[in-house]
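Student: I have a structure before me that is new to me. Would you explain the reasoning behind the terms used to describe it?

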Amino acid sequence: KARLKIEMEAEKARLNELEAAFKKLQLRQKEKEGELAQKEQNIKKFEGQLAQVKTNKEYSAIQQEIGALKADNSLLEEDILKAFDEVETAEKDVKQERERLKEVEKAYQLKENELNQTEKAMIQKAEEMRNLRKEMIQQVAPDVRSLYDLIVQKKHGLALVKVEGETCGACQLQLRPQLINEIRMAQALIICENCSRILYFEE
C-alpha cells in the first residue's frame, strides 16, 4: 500500500507538470497567433495606403514594409505550426498520464479495500480467540490460572511453550530426562528451570 501511495503521488506530480507545460504551450501558440493576426492587419493597412500614394518613393517604401511584414509572417506561421505540434503532443502526454494515474488510483483503492477487509477479519478472529480463551480459562483451576497469568505478564504474553525434541521451545535449554518424563505424564505443571515458562508436549 505504501509503495502504491508513493507511486500515486509521483504520478500526480508528473500530471501537474505536464498540465502546466501544456498550458504554457497553448499560451505561447495563442500569443504567436495574435502576433500573426496583428501583422496581417498591418499588411492590409499598408496595402490600402498603396492606392493613395503619389510618388514612386512612397510606393516603394510601403512595398518594403509589406514585404518585411510578410517575411515576418512566414516565420510566425512556421512557429505556429511547430507550436501546434508541440501542443498536440503535450495534450496526448496529459491524457496518457491521466489514464496512468487512474490505474494507480484504482490499484491503490483495491489494495486499501483488501487491507481493510483483512483488518476486519483479524479483529474478528482476535475477538473470537479472546472469547475462546475466556471459555477455556474458566475450566482451569484458580491456582493454575493465577500462575499462568503471572507468567504471561512477566514473559510478554508467552507463558505456554512446546518442548522441541529435548529442549525448551522458548529458551532452548536442554531438559533433564526426568523432567521430560514428567512433562509427558502431564500429571502436574512443569516449569522450565531456565525461563520459568510452562512446558508441554504436542503429541
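Tutor: Let us begin with a definition: the radius of gyration is taken over C-alpha atoms, and the rule for a globule is 2.2 Å times the number of residues to the power 0.38. Please keep in mind that this is a predicted model.

Student: What radius of gyration does the chain have, and what would a compact globule of 203 residues have?

Tutor: The chain has 42 Å, whereas a compact globule of 203 residues would have a value near 17 Å. The spans of the C-alpha trace along its principal axes are about 130 × 35 × 25 Å.

Student: Which pattern does the chain follow along the sequence?

Tutor: The pattern is α-α-α-β-β-α-β, and the chain contains four helices and three strands.

Student: What percentage of the residues in the chain are buried?

Tutor: Buried residues account for 22% of the 203 residues. To be called buried, a residue must have under 20% relative accessible area.

Student: Why is the pair of Glu 19 and Arg 98 called a salt bridge?

Tutor: The definition asks for a side-chain nitrogen of Lys or Arg within 4 Å of a carboxyl oxygen of Asp or Glu. The closest N and O atoms of Glu 19 and Arg 98 are 2.9 Å apart, and therefore the pair is a salt bridge. Glu 19 belongs to helix 1 and Arg 98 to helix 2, so this salt bridge ties together parts that are 79 residues apart in sequence. The whole structure holds ten salt bridges.

Student: Why is Glu 19 called partly exposed?

Tutor: Partly exposed lies between the limits of under 20% for buried and over 50% for exposed. Glu 19 has a relative accessible area of 21%, so the term partly exposed applies. Arg 98, with 41%, is also partly exposed.

Student: What makes Glu 86 and Arg 28 a salt bridge?

Tutor: Their closest N and O atoms are 3.3 Å apart, which satisfies the limit of within 4 Å, and therefore the pair counts. Glu 86 lies in helix 2 and Arg 28 in helix 1, so the pair ties together parts that are 58 residues apart in sequence. Glu 86 is partly exposed at 27% relative accessibility, and Arg 28 is partly exposed at 32%.

Student: How do you know that Glu 202 and Lys 162 form a salt bridge?

Tutor: Their closest N and O atoms are 3.6 Å apart, and this is within 4 Å, so the criterion is met. Glu 202 lies in the segment after strand 3 (198-200) and Lys 162 in strand 1 (residues 160-164), so the pair ties together parts that are 40 residues apart in sequence.

Student: Are Glu 202 and Lys 162 buried, partly exposed or exposed?

Tutor: Glu 202 has 56% relative accessibility, which is over 50%, and therefore Glu 202 counts as exposed. Lys 162 has 31%, which falls in between the limits, so Lys 162 counts as partly exposed.

Student: Which residues gather in the patch of negative charge on the surface?

Tutor: Glu 40, Glu 47, Glu 77 and Glu 78 gather there. Helix 1 (2-50) and helix 2 (56-137) are the elements that give two or more residues to this negative patch.

Student: What makes Met 129 accessible enough for the nonpolar patch on the surface?

Tutor: Residues in a patch need over 30% relative accessible area. Met 129 has 47%, so this requirement is met. Met 129, which lies in helix 2, forms the nonpolar patch with Leu 132 and Met 136, and together they have about 300 Å² of accessible area.

Methods. Residues are numbered from 1 along each chain as its sequence is written. This is a predicted model: local features need pLDDT of at least 70, side-chain atom pairs count only at pLDDT 80 or more; totals for chains, interfaces and linings use all residues. Side-chain values use heavy atoms; hydrogens and water are left out. Patches are made of residues with over 30% relative accessible area and no salt bridge: like charges are joined within 9 Å, nonpolar side chains (Val, Leu, Ile, Met, Phe, Trp, Tyr) within 5 Å. Accessible areas come from the Shrake-Rupley method with a 1.4 Å probe; for residues, only the protein chains shown count as cover. Lys and Arg count as positive and Asp and Glu as negative; His and the chain ends are not counted. The place of a charge is taken as NZ of Lys, CZ of Arg, CG of Asp or CD of Glu. Buried means under 20% relative accessible area, exposed over 50%, partly exposed in between (1.4 Å probe, protein chains only).
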